[in-house]
Amino acid sequence: MKFEEKYKKEASCLSQLKPTKSSGIAGWKSPSNIALIKYWGKRDHQLPQNPSLSFTLDKSYTETRLQYESVGKKSQGFDVDFKFENRHHPEFAERIKTYLNAISEYLPFIRDFHFEINSYNSFPHSSGIASSASSMSALALCLVSMEKLLFERIKNDEAFYQKASFLSRLGSGSASRSVYTDYVVWGKHKNIPGSTDEVAIRLNEDISARFKGLRDAILITGSGKKKISSSSGHLLMSQHPYAKARYRQAKTNMEQLLRALKTEDEQLFIETVENEALSLHALMMTSAEGYTLLNENSWNIINHIRQFRKDNNLFLTFTLDAGPNVHLLYFAENKKQIQTFIQKELLQFCEAKQWIDDRAGNGPQKIL
Ligand code: DP6
């Protein structure tokens, strides 16, 4: 475990040093991401059972401001004042304290600080959009900024984002991918040099502008709380009868998708991406809990997308997250035609006609 060892060694150096400041503030805006090859199933400490690939979004992001002030002594617990959209949120505060506790072996100095954290999401609170990728990566980026400022040991951007990805992963697996722009891989794959289970990396391939600028219309079909959380879904994979076959399938699908991206093979892209989305939901249905997060309108949208593709011979496809919302993927050059299709045919299936006009974005941004 290369990175774990490295950060543990660094932690023992940090614990010998005195911070250069006793207070400060860090702020990051960090986007969500949408996986095309899905992470579903984990082992040990937040390590994936198979490699995943996503692209980072633009409009769906979390903004987090982290204010820290030295309390001058080693406290046992964590002192966190957390506000979500300007309101105290005790449930999230507890999750953050558990997270800080888990990562304190890598950032020992955080035990000596009081934290005030303010966070907000760009997407509607009730949209059912998973926010752990954007929120955990925003927080991890703030903490790495804090380390950088207090100890001046992080030498370059590469080291900065690597550590942010490592720490994001410990908060939420998919968050490890949000610290980078474009296509991002998390998890070791034999054909992807540098890929590892510990941190995400940017996919270092020549990808055409069309695929780099992919658009994602997120069609909201259900905003309620999920019956089964992603964390429980991952756990169910450990006893799943299809687990081994699934991990093999993800690796093969990764190879196929890389080929599709490199050669601009639209048909192969569509087949692979839809197979991944439906396999994810098939795994939920065939798990011990036998549940589905898809609803009638998710299927209505999927069927309409497939029909529209057939009728118009256009590149459009869909993927699904761990929820009922459908992500319609298309090229920017077809924006007008696709958005008319959304308005005319798909919005009738959306909850309160809600959708998010998102696209591949430029990765996280430092705001403070
Ligand atoms: C279906 O990253 O939310 O979105 O590591 O338990 O926080 P935890 O799970 P999470 O799982 C995301 C699963 C997924 C697929 C993906 O993003 O790869």
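In this predicted model, Ser 287 is in contact with Leu 236 and His 240, when its neighbours within four places in sequence are left aside. Ser 287 is placed in the loop between helix 8 (266-285) and helix 9 (296-312), and with a relative accessible area of 9% it is buried, because the term applies to values under 20%. A polar atom of the side chain of Ser 287 also lies 2.8 Å from the backbone oxygen of Met 284.

A second buried residue in a loop is Asn 325, which has a relative accessibility of 5% and is found between strand 11 (316-320) and strand 12 (326-330). The side chain of Asn 325 takes part in polar contacts with the backbone of two residues: a polar atom of this side chain lies 2.8 Å from the backbone nitrogen of Thr 221, and the side chain reaches the backbone nitrogen of Gly 222 at 3.4 Å.

Leu 261, by comparison, has its place in a helix, namely helix 7 (residues 243-263), and it counts as buried at 2% relative accessibility. When neighbours within four places in sequence are set aside, the residues in contact with Leu 261 are Tyr 183, Leu 203, Ile 207, Phe 211 and Phe 269. For one of these, Ile 207, the separation along the chain is 54 residues, while the C-alpha atoms of Ile 207 and Leu 261 are separated by 6.2 Å.

On the scale of the whole protein, the chain is divided into domain 1 (3-203) and domain 2 (210-359). The contact between them takes 34 residues from domain 1 and 43 residues from domain 2, and the centres of the two domains, taken over C-alpha atoms, are separated by 26 Å.

The ligand lies between these domains, because domain 1 and domain 2 both give residues to the shell around it. Of the 17 residues around the ligand, those that come nearest are Tyr 39, Lys 42, Ser 172, Ser 174 and Asp 321. Sorted by class, this shell has five nonpolar, eight polar and four charged residues, and its largest share, three residues, comes from helix 6 (residues 230-236). Several side chains in the shell bring polar atoms to oxygen atoms of the ligand, including that of Lys 42, at 2.7 Å. For Ser 231, an N or O atom in the side chain is 3.1 Å from a ligand oxygen atom, and for Gln 46 the corresponding distance from a polar side-chain atom is 3.4 Å. Of the 460 Å² of accessible area that the ligand has on its own, the protein covers 94%.

The backbone was also examined in the loop between strand 5 (79-84) and strand 6 (87-88), where Glu 85 lies and where Asn 86 is found as well. Most residues other than glycine have a negative phi. Glu 85, although not a glycine, has a positive phi of about 50 degrees, and Asn 86, also not a glycine, has a positive phi of about 70 degrees. As for their surroundings, Glu 85 is partly exposed, with a relative accessible area of 32%, whereas Asn 86 counts as exposed, because its relative accessibility of 66% is over 50%.

Conventions
Residues are numbered from 1 along each chain as its sequence is written. This is a predicted model: local features need pLDDT of at least 70, side-chain atom pairs count only at pLDDT 80 or more; totals for chains, interfaces and linings use all residues. Side-chain values use heavy atoms; hydrogens and water are left out. A residue is near a molecule or strand if one of its heavy atoms lies within 4 Å of it. A polar contact is a pair of N or O atoms within 3.5 Å; within protein, one must be able to donate a hydrogen and the other to accept it, and residues adjacent in sequence count only if both atoms are side-chain atoms. Accessible areas come from the Shrake-Rupley method with a 1.4 Å probe; for residues, only the protein chains shown count as cover. Helices (H or I, at least four residues) and strands (E, at least two) are DSSP runs, numbered from the N terminus. Ala, Val, Leu, Ile, Met, Phe, Trp, Tyr, Cys and Pro count as nonpolar, Asp, Glu, Lys and Arg as charged, and the others, Gly among them, as polar. Domain bounds come from an automatic or database domain assignment. Buried means under 20% relative accessible area, exposed over 50%, partly exposed in between (1.4 Å probe, protein chains only). Contact means heavy atoms within 4.5 Å.
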